[in-house]
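User: I'm new to this one and would like a walk through it. Could we start with the aromatic side chains and then move on to other topics?

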Amino acid sequence: MGFTRPYETSAGKRLWEARYRRPDGRTARKASFRTKREAEAFLATVEVSKLQGAYIAPSDAQITIGALGADWLVAHEAAVKPSAFYSDASAWRVHVEPKWGKRKVGSIRHTEIAAWVAELAAARSATTVKRAHGVLAAILDGAVRDRRIPSNPAREVKTPRKTGKARAYLTHEQVERLAQESRYPDVVRFVAYTGLRWGEMAGLRVRHVDRARRRISVEENAVFVGGRVRVGTPKTHERRTVPYPPFLDEAIERATAHRGADDLVWPADDDGGYLSSGKSGTGWFAGAVKRVVTADMAAVDAARAAGQPEPPVTPYVTPHDLRHTAASLAISAGANVKAVQRMLGHASAAMTLDTYADLFDDDLDAVASALDAARAERLALS
């Protein structure tokens, strides 16, 4: 048990201090109590926390978020994919460190974080806000585990809800037109009919292709992060096997002929390195999309002038939308959810259903029709 004693400040004011031993045996002191009772009450809480194993030394809460954040980034980089780390590091650098870097971890309050989140939400997207809040919360989680603070003030702070935009799916005809307009037509067809992520396609090597069984072994992921290529395992860290349709046989043969087992299947033309889709607005993929959409709009104008029905317009798509297209084409062809899940590398069929719920609207119509038929049949028998 510790003890209390009075002392005088330089201004002659009488105050009380509490002295006690920390769990590690070192002596600690807390001063500036106005009365002996306040000092004794503090000592009592210290003894209880020591018995419960919940003691937190006041000095440990003096470390800044900046110091904790630097250590967290080092550990975080080793735990997540390069693309995720790049985004989190950017959120730390742009939003978290400037606001909280100099603050002592024990001084941060829940209401302050809530106000900061609201301020960010007024100027930034929900994705940006959630990422910045997540970085701060993760750092504070570490402070809780290190017993620097008793609880995380960032938890239970409400962040804005993300509103998902409608996905763009291409038809078979639109995929073919986009391929024909592209610098790499075989690549466009391949991604649109296998559902590989762009990095998985870029990291594909000849030894990963089983032409006899028409199977692709997805083992590497080449992601462009901050202008550099980072090669690692697929997103879920799990390898998977993906089939490709027979019409791609010739494309696969062209891509693998005269190449060694460790050579890339789809290298870039300019330097033979990993293939990028180019810049979002000016790259080869974006240019092909723009040409297709422009041609479609011209066809619409011509149809209007002739008083004819307007043809469909190809939506603006990103390289990742080719993956969504693969899911759409597979489902419309009658593939079951489990097969689509394995093709896309989702963790579960439930994830596939949640991600592509909009593709199963026809199934809802079939349920309604089946219920109607079943009711009519039962009532006719009664």
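Analyst: Gladly, and please keep in mind that this is a predicted model. The structure holds nine aromatic pairs, and one of them joins Phe 33 and Phe 42 in a tilted arrangement, with 5.5 Å from centre to centre and 40 degrees between the planes.

User: Are Phe 33 and Phe 42 buried or exposed?

Analyst: Both Phe 33 and Phe 42 are buried. Another aromatic pair is made by Trp 100 and Trp 116, which meet edge-to-face, their centres being 5.7 Å apart and their planes at 90 degrees.

User: Where do Trp 100 and Trp 116 lie?

Analyst: Trp 100 belongs to helix H3, residues 82–100, while Trp 116 belongs to helix H4, residues 110–123, so this pair ties together parts of the chain that are 16 residues apart in sequence.

User: And why does Trp 116 count as buried?

Analyst: Trp 116 is buried because its relative accessible area is 5%, and a residue counts as buried when that value is under 20%. Its partner Trp 100 is buried as well, with a relative accessible area of 0%.

User: Which residues form an aromatic cluster?

Analyst: One aromatic cluster is formed by Tyr 184, Trp 198, Trp 284 and Phe 285.

User: Back to helix H4 for a moment: what about Ala 118, which is found there?

Analyst: Ala 118 is indeed found in helix H4, and it counts as partly exposed because its relative accessibility is 47%. Ala 118 and Val 157 are 39 residues apart in sequence, and in space their C-alpha atoms are 9.8 Å apart.

User: Changing topic, how many salt bridges are there?

Analyst: The count comes to 25 salt bridges. In one of them Glu 17 is paired with Arg 5, and the closest N and O atoms are 2.5 Å apart. That pair links distant parts of the chain, since Glu 17 sits in strand S2, residues 14–21, and Arg 5 in strand S1, residues 3–8, with their positions twelve residues apart in sequence.

User: Glu 17 first, then: buried or exposed?

Analyst: Glu 17 is buried, with a relative accessible area of 3%, whereas Arg 5 is partly exposed, with a relative accessible area of 39%.

User: Which residue forms a salt bridge with Arg 131?

Analyst: Arg 131 forms a salt bridge with Asp 88, and the closest N and O atoms of the two are 2.7 Å apart. Arg 131 lies in helix H5, residues 126–145, and Asp 88 in helix H3, so the pair ties together parts that are 43 residues apart in sequence. Asp 88 is buried, with a relative accessible area of 11%, while Arg 131, at 31% relative accessibility, counts as partly exposed.

User: What does Arg 214 pair with?

Analyst: Arg 214 forms a salt bridge with Asp 249, where the closest N and O atoms are 2.8 Å apart. Arg 214 is in the loop between strand S4 (209–210) and strand S5 (215–218), and Asp 249 is in helix H9, residues 249–256, so the salt bridge ties together parts that are 35 residues apart in sequence. Arg 214 is partly exposed at 30% relative accessibility, and Asp 249 is also partly exposed, with a relative accessible area of 25%.

User: Which residues are linked in a network of salt bridges?

Analyst: Such a network links Glu 176, Asp 186, Arg 189, Glu 250 and Arg 254.

User: Now the surface: which residues form a nonpolar patch?

Analyst: Phe 224, Val 229 and Val 231 form a nonpolar patch on the surface, and together they have about 220 Å² of accessible area. Val 231 lies in strand S7, residues 228–232, and with 45% relative accessibility Val 231 counts as partly exposed.

User: Last topic, the chain as a whole. How many helices and strands are there?

Analyst: The protein chain has 14 helices and eight strands. Its radius of gyration is 30 Å, whereas a compact globule of 382 residues would have one near 21 Å, and along its principal axes the C-alpha trace spans about 95 × 75 × 45 Å.

User: What share of the 382 residues is buried?

Analyst: Buried residues make up 39% of the 382 residues in the protein chain. The accessible surface of the chain comes to about 22100 Å², and 52% of that belongs to carbon and sulfur atoms.

Note on methods. Residues numbered from 1 in each chain as written. Predicted model: local features only at pLDDT ≥ 70, side-chain atom pairs only at ≥ 80, totals over all residues. Heavy atoms only, no water. Patch = residues over 30% accessible without salt bridge, like charges linked within 9 Å, V, L, I, M, F, W, Y side chains within 5 Å. Areas by Shrake-Rupley, 256 points an atom, 1.4 Å probe, with all protein chains shown as cover. Salt bridge = Lys/Arg side-chain N within 4 Å of Asp/Glu carboxyl O. Helix = DSSP H or I, 4+ residues; strand = E, 2+ residues; numbered from the N terminus. Buried < 20%, exposed > 50% of the residue type's maximum accessible area, 1.4 Å probe, protein only. Rg over C-alpha atoms; globule rule 2.2 N^0.38 Å. Phe/Tyr/Trp six-rings, centres within 6.5 Å; stacked < 30°, edge-to-face > 60°.
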